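Reader: Hey, I'm new to this one. Can you walk me through it once it's on screen?
Author: Sure, let's pull it up.

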Amino acid sequence: MAVPSSDRARWPFLLSLSLSLFISAIIVLLFLFLDPSPGSLAFLPSRLSGSAPSLPPPRQQDLTPTPTRGSPPHSQPAEASQPTAAEARGESGSRGSDDDDRGTRGGEADGKTGTSVAAAGAGGDDEDLPPVSVRWETCSRLGRGVSSTDYIPCLDNVRAIKALRSRRHMEHRERHCPVAPRPRCLVPLPFGYRTPVPWPRSRDMIWYNNVPHPKLVEYKKDQNWVTRSGDYLVFPGGGTQFKDGVGRYIQFIEQIMPAIQWGMRTRTVLDVGCGVASFGGYLLDRNVITMSFAPKDEHEAQIQFALERGIPAFLAVIGTQKLPFPDNAFDVVHCARCRVHWYANGGKPLLELNRVLRPGGYFIWSATPVYRQEKRDQDDWNAMVTLTKSICWRTVVKSQVVNGIAVVIYQKPASNSCYAERKANEPPLCSKTDVSRFPWYAPLDSCIFATAVSSSDERNNWPVPWPERLNVRYASVPGDSASNKEVFEADTKYWKQVVSEVYFSDFPLNWSSIRNIMDMNAGFGGFAAALIDQPLWVMNVIPIDQPDTLPVIFNRGLIGAYHDWCESFNTYPRTYDLLHMSNLVGSLTNRCDIIEVAAEIDRILRPGRWFVLKDAIEMIKKMRPVLKSLHYETVVVKQQFLVARKSFWRPGKPASGSR
């Protein structure tokens, strides 16, 4: 067929246009691939190459100097050593996580959330630095009765526990950290591990394979703690003392003691012997944040259940050493059938509660001595009456027996006047030497901590109702000097801005899948305060070699603990969705090996979740190759944030974690 002359006339024009478009496309591609400047990457939605907010972060060293703190003889830091010269084993690559309601098996996890760190683009001038050469190995041969998938180095030190001379005061449940060389092994995943059930459904049900411990189901089957339903463990909200459910129990306490004012006057609670932490879980509905704690293995994996549910929890015991909390920290302490002999050892366990309970705070005791008439229970009750009177605790209310249980509520004095009026100075008031002892590996006291306020002080009205106490205006800062308050105010402003403008906008994180967060160097708690409106909670950790700002954090209505990051934290593996570390690498590497720190980060972090490091680029360059050796996806944001995503890789296993 003949081609019309008009079409033949348009060919030169079409050929010229096509050639021009082709050349333009080549130029654009060359510009993008050969010029990694901020301008060439401006089209990326995460704006990874931009600058951080102009507000400078306050320096913690501007605060009042940290009091002298001791470490146990068995945990002196070892000198930092170089990584072993061997190749990291296993295949490279990683899988993401899927947060749909069905959950996802580790081997099937995929990047449906669109939060792949690698996909976020390049960032930082050390992109081509290779992983450090570390021979990572799976934790094994840990001792009889220790599960490698649930390994906690400082609580599973079988050799140290066997060498104990006594277990009378729960010494075997306290910390016994391995000495150098400290653990570098990686905890394996339980078979069939899945992406955790998202909050808030996780409060009521979790995947059985993630915490495959059936003993508690059988042991507490008549008390409605937890049941198994197919692939799930279900938490009906029952408990030994919660005959009508924990929701009704919480309501009952407020009915018999209206001054408790959940979520207003009562914001921070310490739940002793918490079981699976249903009490703390249901208090979240009332804007109450609870630090639930119990010893490891008293009831199989109860704290692991709590953390998998997305409820704040912590492994601890009131044995011979102080809890890692500041004085006068909690608004309420609660014990429902926690089986602690408060009057034992000269009453030291109750004196420890007195130390951490704020002046005017309440102790809620729901246990058999309150309402049973058996001789053993009545002996316990009479001993408790004598002890509480001696430390000036006032019995506010003792309820009638309802559905087989009863509750007694005590109140700690808000001033020191009662102590001076006692006929006998027993137990004695603590001396200045006792008061100055930092609660990290410190022995329990046999004395009473006097309150720091006088009867005429305006702080007798403390705490300020929630949520006002979170604000700068009401926070009590160490020293209360004008300069310290300025630093505190700048810290709050900085974190509010940087979280809004960088963390939420520029980070390749799926915030909807994040429930449990740990701030490894929390300062004033500004990071947690900036997240207060999100459906998550933050464990604020104050390292023992940093300024002591944990009292400020509790004054703000937040929770936290002291810790030494050269040791293992008291939590199960795979219990946090986000670990956040700000300006800590330098001081850590002066005291311990960064490889060991990375191994602990990996132990705590859930597969498919994130570690964020905010630090100088030199510190980022130290940490990034170590994380790469663990097969983490990493990206540097704005030259001061390292965002890393943990894969499902384990030594000898593919990155997907399939078995």
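Reader: Jumping right in: which residues lie nearest the centre of the second largest cavity?
Author: Those would be Pro-153, Pro-183, Ser-568, Glu-596 and Glu-600, out of 19 residues that line the second largest cavity. Keep in mind that this is a predicted model.

Reader: What's the volume of that second largest cavity?
Author: About 190 Å³.

Reader: And what classes of residue make up its lining?
Author: The lining of the second largest cavity has 13 nonpolar, 5 charged and 1 polar.

Reader: OK, how many cavities are there in the whole structure?
Author: A search turns up 6 of 30 Å³ or more. The largest cavity holds about 240 Å³ of space.

Reader: Which residues sit nearest the centre of the largest cavity?
Author: Arg-175, Ala-316, Lys-322, Pro-324 and Asn-570, from a lining of 19 residues. Strand 6 (313-315) and strand 13 (560-563) are the elements that give two or more residues to that lining. By class, the largest cavity is lined by 12 nonpolar, 4 charged and 3 polar residues.

Reader: Switching topic, what's the average pLDDT of the protein?
Author: The average is 82, and 76% of the residues score at least 70.

Reader: Where does the pLDDT fall below 50?
Author: Residues 121-126 are one such stretch, and the model gives them 17 contacts beyond near neighbours in sequence. Residues 454-460 also stay under 50.

Reader: How many contacts beyond four places in sequence does the model have for 454-460?
Author: For residues 454-460 the model has 8.

Terms used:
Residues are numbered from 1 along each chain as its sequence is written. This is a predicted model: local features need pLDDT of at least 70, side-chain atom pairs count only at pLDDT 80 or more; totals for chains, interfaces and linings use all residues. Side-chain values use heavy atoms; hydrogens and water are left out. pLDDT is the predictor's confidence in each residue, from 0 to 100. Contact means heavy atoms within 4.5 Å. On a 1 Å grid over the protein atoms alone, a cavity is a set of points where a 1.4 Å probe fits but cannot get out, and a pocket is an open set with protein on both sides within 12 Å along at least five of seven lines; lining residues have an atom within 4 Å of a point. Grid points are joined across faces, edges and corners, and a volume is the space filled by probe spheres set on the points. Helices (H or I, at least four residues) and strands (E, at least two) are DSSP runs, numbered from the N terminus. Ala, Val, Leu, Ile, Met, Phe, Trp, Tyr, Cys and Pro count as nonpolar, Asp, Glu, Lys and Arg as charged, and the others, Gly among them, as polar.
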